[in-house]
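I sat down with this entry to look up a handful of points, going from the whole chain to single residues. My notes follow in the order in which I checked them.

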Amino acid sequence: DEIHDDEATLKEIRDLFVLFDSDGGGSLDEDEFTQVLAMAGYGAEEAHSIYAQVDTDKGGSVELEEFEAWWIESQRQHNRNNRKKPELSVNALVTNLQGLVAMLQRKHNDMSADRLIQLIAELQASAASPKSPFPDGM
């Protein structure tokens, strides 16, 4: 799921901020901030390093705006890093087409399945040829 900076997400971030702002001062000191990160599974050294980056105005505390910006960006980064990249190769295409053939055959649409089987064979032959336009061959 994408992280959006919509009102519901911002409310959740603000609620978390208030929960850890133990003195109610409107900012998180380093101890409060590292407690948030410890709860999220970060180690102490990494939490302190992140704190130094998030305290962008170097005021000795993290204000709500800094916390929101960091939280949203860290979630976006996490989602980008964990998104599975599609495999772009002839082998991947052939595998997908073979799955489509199997589905068409189960639905008794053999004419379409026969054409796809022929297309797969042509792709495999092209990829295996010495002058293959496909970089990965087969």
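How much area does the protein expose, and what share of it do carbon and sulfur atoms supply? I noted first that the model is a predicted one, and then read off an exposed area of about 9,400 Å², of which carbon and sulfur atoms supply 53%.

**Overall layout.** I looked up the secondary structure next and found six helices and two strands, which follow one another from the N terminus in the order α-β-α-α-β-α-α-α. The protein has 138 residues, and buried residues make up 30% of them. I also checked how far apart in sequence the contacting residues lie: taking contacts between residues at least 6 apart, 44% join residues that are at least 24 apart.

**Cores.** I then turned to the largest nonpolar core, which has 17 residues, and noted that Leu28, Phe33, Val36, Leu37, Val62, Phe67 and Trp70 touch the most other members. Helix H1 (7-20), H2, H3 and helix H4 (64-82) each supply at least two residues of this core, and the largest share, five residues, comes from H1. Apart from this core I found another one of five residues, including Leu97, Val101, Ile120 and Leu123.

**Valine 62.** Since this residue is on the list above, I looked up what valine 62 touches once residues up to four places away in sequence are set aside, and found Phe17, Ser27, Leu28, Phe33, Tyr51, Val54, Asp55 and Phe67.

**Threonine 34.** Is threonine 34 buried or exposed? I located threonine 34 in helix H2, which covers residues 30-39, and its relative accessible area is 13%, so I count it as buried, the cut-off being under 20%. Leaving out neighbours within four places in sequence, I found threonine 34 in contact with Ala47 and His48.

**Lysine 58.** Where does lysine 58 lie? I placed lysine 58 in the loop that runs between helix H3 (44-54) and strand E2 (62-63). Its relative accessibility is 58%, and because the cut-off for exposed is over 50%, I entered lysine 58 as exposed. I made a separate note of its backbone, since lysine 58 has a positive phi of about 55° although it is not a glycine. For background I wrote beside this that most residues other than glycine have a negative phi.

Methods. Residues are numbered from 1 along each chain as its sequence is written. This is a predicted model: local features need pLDDT of at least 70, side-chain atom pairs count only at pLDDT 80 or more; totals for chains, interfaces and linings use all residues. Side-chain values use heavy atoms; hydrogens and water are left out. Helices (H or I, at least four residues) and strands (E, at least two) are DSSP runs, numbered from the N terminus. Buried means under 20% relative accessible area, exposed over 50%, partly exposed in between (1.4 Å probe, protein chains only). Contact means heavy atoms within 4.5 Å. Accessible areas come from the Shrake-Rupley method with a 1.4 Å probe; for residues, only the protein chains shown count as cover. A nonpolar core is a set of buried Ala, Val, Leu, Ile, Met, Phe, Trp, Tyr and Cys residues joined through side-chain atoms within 4.5 Å.
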